[in-house]
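Got the viewer open? Let's take a short walk through this protein, one selection at a time.

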Amino acid sequence: MKKIVLFDIDYTLFDTDLFKDSQLKTYKLYNEVEDVLKDLSQVAEIGIFSQGEDVFQKEKLKQTLIDSHFGEENVHIFALKDYNIGSVIEKYKDRSVFFVDDKLEVLKLAKDLNGDVFTIWIKRGPFAANQENITGFEPDAIIGNLSEVTPIINS
Ligand SMILES: [Mg+2]
């Protein structure tokens, strides 16, 4: 089965703390992101599943020069993720779907909707620090750095 890896933006690919501290002026990815996206695109399709304002979020991809990695058809940005996870999973029903997110609640919702999706929790940023005991949910993998995604997708 073909694979699709859907990344969240804030606190997953994008250093949102730095962005906020700089009054929304400094656009920076976490250090490993470019290499990971390059490696992953050899073995899987990659996409975005992000919450926020469409133009605002896409600007983060553009300013950090990673927008070209993602086909327009695989970029999913919603005001609220919760109500749209189902439609995204449905779109990729013929693939193995991997979600990478710092918000455990999003991963839980995805898993509840479809037990076949693979959930990867990137444990960084303010949400990750406070979520462990909130949801009582065990993601399929917990990682501290996105370089750990590639071996998971390959296995
Ligand atoms: Mg996030």
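Are Asp8 and Asp10 buried or exposed? Select the pair and look: Asp8 is buried, and Asp10 is buried too. Keep in mind on this tour that you're looking at a predicted model.

**Stop 1: the magnesium ion**

Now click on the magnesium ion. Its protein donors are Asp8 (OD), Asp10 (O) and Asp102 (OD), at 2.0 to 2.1 Å from the ion. Along the sequence, the donor residues follow the spacing D-x1-D-x91-D.

**Stop 2: the largest nonpolar core**

Next, select Val5, Phe7, Leu13, Ile48, Phe70, Leu146 and Val149. In the largest nonpolar core, which has 31 residues, these touch the most other members. Colour the elements that give two or more residues to this core: β1 (3-7), α2 (33-43), β2 (45-51), β3 (75-78), β4 (96-101), β5 (118-122), β6 (141-143) and α7 (149-154). The largest share, four residues, comes from α2. In soluble globular proteins, nonpolar side chains tend to be buried together.

Zoom in on Ile48 for a moment. Setting aside neighbours within four places in sequence, its contacts include Leu6, Phe7, Ile9, Leu13, Leu61 and Phe70. Asn74, Val75, His76 and Ile77 are in contact with Ile48 as well.

There's also a second, separate core of 18 residues; pick out Val88, Leu107, Val117 and Trp121, which are among them.

**Stop 3: a cavity**

How many cavities of 30 Å³ or more does the structure hold? There is one, and the largest cavity has about 30 Å³ of space in it. To find the spot, select the lining: Leu6, Phe7, Asp8, Phe49, Lys81, Phe99, Val100, Asp101, Val106 and Leu107. You've met Asp8 before, as a donor of the magnesium ion. The elements giving two or more residues to this lining are β1, β4 and α5 (104-113), and the largest share, three residues, comes from β4. Colour the lining by residue type and you'll get seven nonpolar, no polar and three charged.

**Stop 4: Gln51**

Last pick: Gln51, in strand β2. Is Gln51 buried or partly exposed? Its relative accessible area is 28%, so Gln51 counts as partly exposed. Show its contacts beyond four places in sequence and you'll see Asp10, Gln57, Phe78, Ala79, Leu80, Lys81, Asp82 and Lys103. Finally, draw a C-alpha to C-alpha line from Gln51 to Ile9: the two are 42 residues apart in sequence and 8.1 Å apart in space.

Definitions and conventions
Residues are numbered from 1 along each chain as its sequence is written. This is a predicted model: local features need pLDDT of at least 70, side-chain atom pairs count only at pLDDT 80 or more; totals for chains, interfaces and linings use all residues. Side-chain values use heavy atoms; hydrogens and water are left out. Donors are N, O and S atoms within 2.8 Å of the metal (3.2 Å for Na, K and Ca); water is not among the atoms, so sites may look incomplete. Buried means under 20% relative accessible area, exposed over 50%, partly exposed in between (1.4 Å probe, protein chains only). A nonpolar core is a set of buried Ala, Val, Leu, Ile, Met, Phe, Trp, Tyr and Cys residues joined through side-chain atoms within 4.5 Å. Contact means heavy atoms within 4.5 Å. On a 1 Å grid over the protein atoms alone, a cavity is a set of points where a 1.4 Å probe fits but cannot get out, and a pocket is an open set with protein on both sides within 12 Å along at least five of seven lines; lining residues have an atom within 4 Å of a point. Grid points are joined across faces, edges and corners, and a volume is the space filled by probe spheres set on the points. Ala, Val, Leu, Ile, Met, Phe, Trp, Tyr, Cys and Pro count as nonpolar, Asp, Glu, Lys and Arg as charged, and the others, Gly among them, as polar.
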